[in-house]
Each structure stands twice: as C-alpha cells, then as structure tokens.
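Here is a short briefing to read alongside the viewer. Have a look at the model first, and then we can walk through it together.

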Amino acid sequence: MTTTTAGPSGTAGTAGPSGTAGTTGTAGTTGARIAAAEAHSAHNYHPLPVVVATAEGAWMTDVEGRRYLDMLAGYSALNFGHANPRLIAAAKAQLDRVTLTSRAFHHDRFADFCTRLAELCGMEMVLPMNTGAEAVETAVKTARKWGYRVKGVPDGRAKIVVAAGNFHGRTTTIVSFSTDPEARADFGPYTPGFVTVPYGDLAALEAAVDDETVAVLLEPIQGEAGVLVPPPGYLAGVRRVTAERGALFIADEIQSGLGRTGRTFACEHEDVVPDMYVLGKALGGGVVPVSAVVSSRDVLGVYRPGEHGSTFGGNPLACAVGLEVLAMLRTGEYQERAAELGDHLHRELSLLTGSGKVTEVRGRGLWAGVDIDPAVGTGREISERLMALGVLAKDTHGSTIRLAPPLTISEADLDWGLAQLRAVLGV
Ligand SMILES: Cc1ncc(COP(=O)(O)O)c(C=O)c1O
C-alpha cells in the first residue's frame, strides 16, 4: 500500500500549508483564477476559495505553493489517494495503446474488467458507464425493463421506492425523486414512478412495496444527507422485504462502496447482498470517470442491442484503470486500513462530542459526518476556517462537516488534520 509520505512535518518544512495559509485569502493568483472561473463558468457549485495546482497522496498544493490535507478525497473518488503510482502507471500504459473504440467494436481490456468487477461483487454481469448519475439512470431503466419483462408488471406501472434525503445524482429523472428543494426546484416536469419513504423506517418501506414495485433504491449510508447510517437491521430488513415481494434491492454504493467503510461494500456490515450494485467514483481511481451497474444474468440479461449505452462507457482507458483498482481492492488491504484508521478516527471524534461544540458524529470506516453546534459557525464557515489551517473538507447540509480522507492517509496526517479541527472548534 502506498501511504502518504509528505506528512504535516514533511518536506514542505512546516505543519500543513505554509504559514501564510489563510492570510492572503483570494488575493493574487488565487483571486484572479477564481474571478476568471466565476466569469466564464456556470455557478452550479460554490467551491472553497482555493485553487489546486498539484496533488499527491493525501496532500494538495495550491497555485501559491500552500499545502493542504485532503479530507474530502473527491467525495470518495480518491479512495486510493491522489496520483496513486499504480493507477497512474496503468493509465499511462493504456494511453500508449488505445484509449477509445466506442462499443461499436470489442477491445482487449473490456472482458477482463467486466469479469473482475463481477467477481468482486459476487455477481454475474456488468454494464459499464461513466458517471455515477449515469449508472443510477441505468439502474432505474434496468429495474423497469426487468419489472415488465420478468416480474410481469403491467406496462407503464413500474414503481421504484426511494428514501427521503437521498442523493443519487443530478439528471432530470434522478432529481425527480430528490427531496432536496435546491436539487429539484425549477427542473420539472418530473419523471413519475417513484415513491419516497423516510430513510431508516422499515415499516414505512414495507408498506410502500407492492406488486407494481420493481425496485427499492437506497444508499446503504446516505452520504450527502450527512453520512447517515441507518438503524441496525434496516438493510437486512430491506433485503427481506424485497425478496418476499419480488422487487429488486438496488444498493447505490457510489460513495459508500469500494473500501470507504472498512468493507468492500457498506451492505456487508449487515451481511446483505443486494440484487444490484451501483458503483462509480473510486472505480475510476480519481483518474477517469468509471461507473457500472453490476447484477445477475436474470436482471442485466434483459438488454438487447440498441436499448442502452454510452460512447465512453467501458472504454479501454477506463477499463485499464478500473482493472488496477479492482486488483488493489482484491488484496483487502485498503478495506482493512479504512477499518483500522476508521476506528481511530471515530474514537477521536467521539471525544469531541463531550465538548459541547460537536452535537453528533456518525459514520463508518474512514467516513464521518460531524454535526457542529450552529453557534460555532455554519458548515461553510467551519470549512473555511479549516482551509485557513491547511485542511480541505466540505460541509453538507447546515453545520455538518463531512470527513472522508483518502484510505491511504497516514495516521500521523490524520491526527494532524484532527488537531486542526480541534483548533477550529477551540477544544
Ligand atoms: C450515492 C451517490 N450516488 C450518485 C452520485 C452521483 O455521482 P456523479 O456525481 O458521478 O454523477 C453520487 C455523487 O456524489 C453519490 O454520492
């Protein structure tokens, strides 16, 4: 395993970024780049005012030479750290061979990627796409077609049960079943066919699943909602209900999967195997966008040529990087590291809950949602104060900070990051 070597006391010579972090703010190069971006890009994000130029392991360096510890890891896309040597080598080797064929032709990395990914999931078939949202769309289409062709739901009646507070992406269909007004407002008319139940409430879910339900689509841990872990027994209960009623259990493990929680899949914490995994983010190692739906022959076998696809889905470069990701995950060492360091992270964070500044901490493995007393500041303000001390993290809703460092982070760097959080909270 490659762990970060440039720690807080590493070659930069100072703890974290240079001592000037936060004092120059958005002046100079940083300010100019941000102003240009604001002028010429849609304002669909509100990034922290830092302009990253390079990154390695768990550390990023901005255009002014300041160093920051990455405690977000591209929302789990960078589980293996920035510029992971194995992944970069795999990408470079493939760049010199062939990068794109489209699916009009076969290429020599495709079969291996699909076989290895199916093996990792303990399933039979793979449908590769690029982004997470595309994979969720694919899952929705697959479940509907399966519902009509296999389950026998009357045409046009298929229903998918989803959870309040979900985040599955940004397409028109996906925002149709979002409960977040910011994500949804002004984007109608909305796609019908979704029923929303409270997350973690098994009785409500059970009441919502009927003969026309083709699937239940859930995040095993809700990431964007604030790293919400459902009550014990919930996922196992969803598995039981869906099996009894002949509906598919679709686990969106785009953020929770591939090692983040200390297991390959978050569903494993309840010994649950869904009917379909939806994967993305870390599957491309933070190098290229790679996503996939993975399921049984019974389910993914419903497709015929022309019914679904993507020009870039399963391209040679994506498959080469994805194959290396899968080889790394097969060793189990990243999962183990996330479990061990995650225990450490949660032990340290639990000490903060007695401080009065932190009201709740949730999560599993190297993934935590930290609710900060709003009197201390908004999530945005806390993130900006952390940035000034050399830690990049991001708020979710309200005063919740999400911590999800690369799984390759060293314990010393993690401790240094936590020390900055304590400094910001004044505890
Ligand atoms: C659980 C989950 N599903 C889907 C997505 C969408 O992925 P993408 O941004 O690659 O479209 C995300 C992104 O954060 C996610 O966390």
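Which helix gives the most to the shell around the ligand? That is helix H5 (residues 132-151), with three residues. Please keep in mind that this is a predicted model, where local features need pLDDT of at least 70, side-chain atom pairs count only at pLDDT 80 or more, and totals for chains, interfaces and linings use all residues. Residues are numbered from 1 along each chain as its sequence is written.

**Around the ligand**
- The ligand is surrounded by 15 residues (C-beta atom, placed from the backbone, within 6 Å of it).
- Gly132, Ala133, Gly169, Ile254 and Gln255 are the closest.
- The shell holds five nonpolar, seven polar and three charged residues; Ala, Val, Leu, Ile, Met, Phe, Trp, Tyr, Cys and Pro count as nonpolar, Asp, Glu, Lys and Arg as charged, and the others, Gly among them, as polar.

**Pro128**
- Pro128 lies in strand S4 (residues 125-129); strands are DSSP runs of E with at least two residues, and helices are runs of H or I with at least four.
- Pro128 is buried because 28 other C-beta atoms lie within 10 Å, where the cut-off for buried is 20 or more.
- Beyond its neighbours within four places in sequence, Pro128 is in contact (C-beta atoms within 7 Å) with Val290, Ala292, Gly313 and Gly314.

**The open sheet**
- Four strands, ordered S11-S12-S15-S14, form an open antiparallel sheet; strands pair if DSSP finds at least two bridges between them.
- Strands S11 (358-363) and S14 (394-395) stand at the edges with a single partner strand each, so one side of each has no neighbour in the sheet.
- S14 pairs with strand S15 (residues 400-403) over two bridges, and Asp395 stands opposite Ile401 in S15.

Key: Buried ≥ 20, exposed ≤ 12 C-beta atoms within 10 Å, placed from the backbone. Contact = placed C-beta atoms within 7 Å.
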